[in-house]
Amino acid sequence: MYGNSGVLATRKAKGIVAKEQLAARDAVFVYDESERHPSNIVAVYIFDATGTEPIDAAALRDWARARLGFAPLFQRRLQRVPMDLDLPYWVPEPALDIDEHVGVGPSGADWDTVRARVAEITTARLDLTRPPWQIQVFDRVRAVPEISGDATVVVLKFHHSTCDGVATRELELELFGGREAPAAPTTNRWSKSAATLRAAALFPYRMGRFAMGLSRTRAANTAARARIEAGLLHEPAPVRPATRFNRAIGPTVLIEQVFLPLSEVTALRDRSAERVTVNDVMLTVVSGALAAYLDEKGETPPEGLAAMVPMSMRGIAHWDSANQLCQMTVDLHTGRREPRARLAAIRESVRRERRRHSDQAVLRHAARVETAPALLLRAAGRARAHRSFADLSSVPLHNTTISNVPPPGAGLTFRGAPMLRAFGVLPPMDGDGLRHLISAQGEEIVLTISVDKAMMPDPGRYRELLRESFRELVEALD
């Protein structure tokens, strides 16, 4: 469903977990990672703790061990080829020590304490010499916003090279669906010498394939440029003014959340004179709050800001990778202060970016990563890791990230307790110190903000500005 390297691409027919080479799009998340650029996906699940048995480390181990067979990521680790002559491999880990991956936090903590711990988990890099996942549970958590009674909080973390946020929905259906799948047997153990010999033998072929790929993508780029010049496609502005959120991040990340009634958001969508989506509405809400926050700090940007908005390519392109997302650059039109006009402008910016990323010439040009040699991908990752963000007046393409994920499935439970809420947290990184993740469930939309503390020491104020921006949009469309 998600490509040969998908999160659930276990060899189910044979019931075994085998070695598998990463696709180039997935390997980029390995090569790009650094201490200030973590490649983590973090999903948080809140379950009703009423009437449940307390959970300890032994019980969590048993629960996790009974589900290892649901995804190969639980039993595979990363193995890079010497000198990065070729793309890395996922190789079976027969000596899995589950204690290295699961843990139970202090019982009875309040939500503020757990929230701070979630922020630490989000930004800490995973050890890729082990299977790249972690499950942390906090039981009997008090004062979770918008939830009455105590709750059990389950934090699931894994490396972005294993899958994307959309595929997380498939994984959680398995983990919290009430079924069990004990660890599958492993095969095809890793041989460094064999992988090195294979990489050396294939190196001339890889370089020739890369050269041919460059020729194809140059032709595709020429075709795409012609379509842009003809007005059939529109490119986003190549640079944006730098803000306080486009600097190097510090050691402390803060998490804040806004809860909006889904019915009110959909009502806004339905009242709009033009056809808009819930995502268009939420982008407009963030745009208004971001502009207002910078205004209050006396840092109104000279030009409009933009957001990186992931777009699922499922059904549009056929990629042999676990990650099936592209990165749209959406103009937030922060200079437009009238909410109705800003919503209409953002809607058009999203439509233009979707059209551009669905264009066949653009897709062929983007395919250059598929033939890029591992050495080049590694060099590009190192160059990004050493980029300086001091005293920048402009940044390429975007200022912040605004992502959304599909709603989780219904009927999910943890040890019999029903799920009350699910949301994700994005790790801030150098140049992108304010990030937003939107998730809908039941009757609410949860907007989770993760931000570098030095960039935004008062996230509570930003939360209020997000609410004000929403209310302004409601009033504008009445």
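Angles under 35 degrees count as roughly parallel, over 145 as roughly antiparallel, 65 to 115 as roughly perpendicular, and the rest as oblique. Keep that scale in mind as we walk through this predicted model, beginning with helix 6 and helix 12.

Helix 6 covers residues 262–271, and helix 12 covers residues 459–477. Their axes lie 10 Å apart and make an angle of about 40 degrees, so the two helices are oblique to each other. The crossing is left-handed. On the helix 6 side, Glu 264, Val 265, Leu 268 and Arg 271 take part in the contact, and they meet Phe 470, Arg 471, Leu 473, Val 474 and Leu 477 of helix 12. Sorted by class, this contact holds six nonpolar and three charged residues, with no polar ones.

Now stay with helix 6 and turn to helix 7. Here the axes are 9 Å apart and the packing angle is about 105 degrees, which means that helix 6 runs roughly perpendicular to helix 7. From helix 6 come Val 265, Thr 266, Leu 268 and Arg 269; helix 7 answers with Val 278, Val 281 and Met 282. Five of the residues in this contact are nonpolar, one is polar and one is charged. Val 265 and Leu 268 are worth finding on your screen: they meet helix 7, and they also belong to the contact with helix 12.

Helix 7 (residues 278–296) leads us on to helix 8 (residues 339–358), where the axes come within 9 Å and cross at roughly 125 degrees. The pair is therefore oblique, and its crossing is right-handed. Asp 280, Val 281, Leu 283, Thr 284, Ser 287 and Gly 288 of helix 7 meet Pro 339, Arg 342, Leu 343, Ile 346, Arg 347 and Val 350 of helix 8. These residues divide into six nonpolar, three polar and three charged. Val 281 appears here and in the contact with helix 6 as well.

Let us step back to the whole chain, which has 12 helices and 17 strands. Its C-alpha atoms fill a box of roughly 65 × 65 × 40 Å along the principal axes. The radius of gyration is 23 Å, which agrees with the value near 23 Å that a compact globule of 478 residues would have.

How far can you trust the picture? The mean pLDDT is 93, and 97% of the residues reach 70 or more. Residues 1–14 are another matter: pLDDT stays under 50 there, although the model has 47 contacts beyond four places in sequence for this stretch. Where pLDDT is low, the predicted coordinates should not be read in detail.

Conventions: Residues are numbered from 1 along each chain as its sequence is written. This is a predicted model: local features need pLDDT of at least 70, side-chain atom pairs count only at pLDDT 80 or more; totals for chains, interfaces and linings use all residues. Side-chain values use heavy atoms; hydrogens and water are left out. Axes are lines fitted to C-alpha atoms, for helices over the stretch in contact, and angles run from 0 to 180 degrees between N-to-C directions. Helices (H or I, at least four residues) and strands (E, at least two) are DSSP runs, numbered from the N terminus. A crossing is left-handed if the near helix is turned anticlockwise from the far one by less than a right angle, and right-handed if clockwise. Contact means heavy atoms within 4.5 Å. Ala, Val, Leu, Ile, Met, Phe, Trp, Tyr, Cys and Pro count as nonpolar, Asp, Glu, Lys and Arg as charged, and the others, Gly among them, as polar. pLDDT is the predictor's confidence in each residue, from 0 to 100. The radius of gyration is taken over C-alpha atoms; the globule rule is 2.2 Å times the number of residues to the power 0.38.
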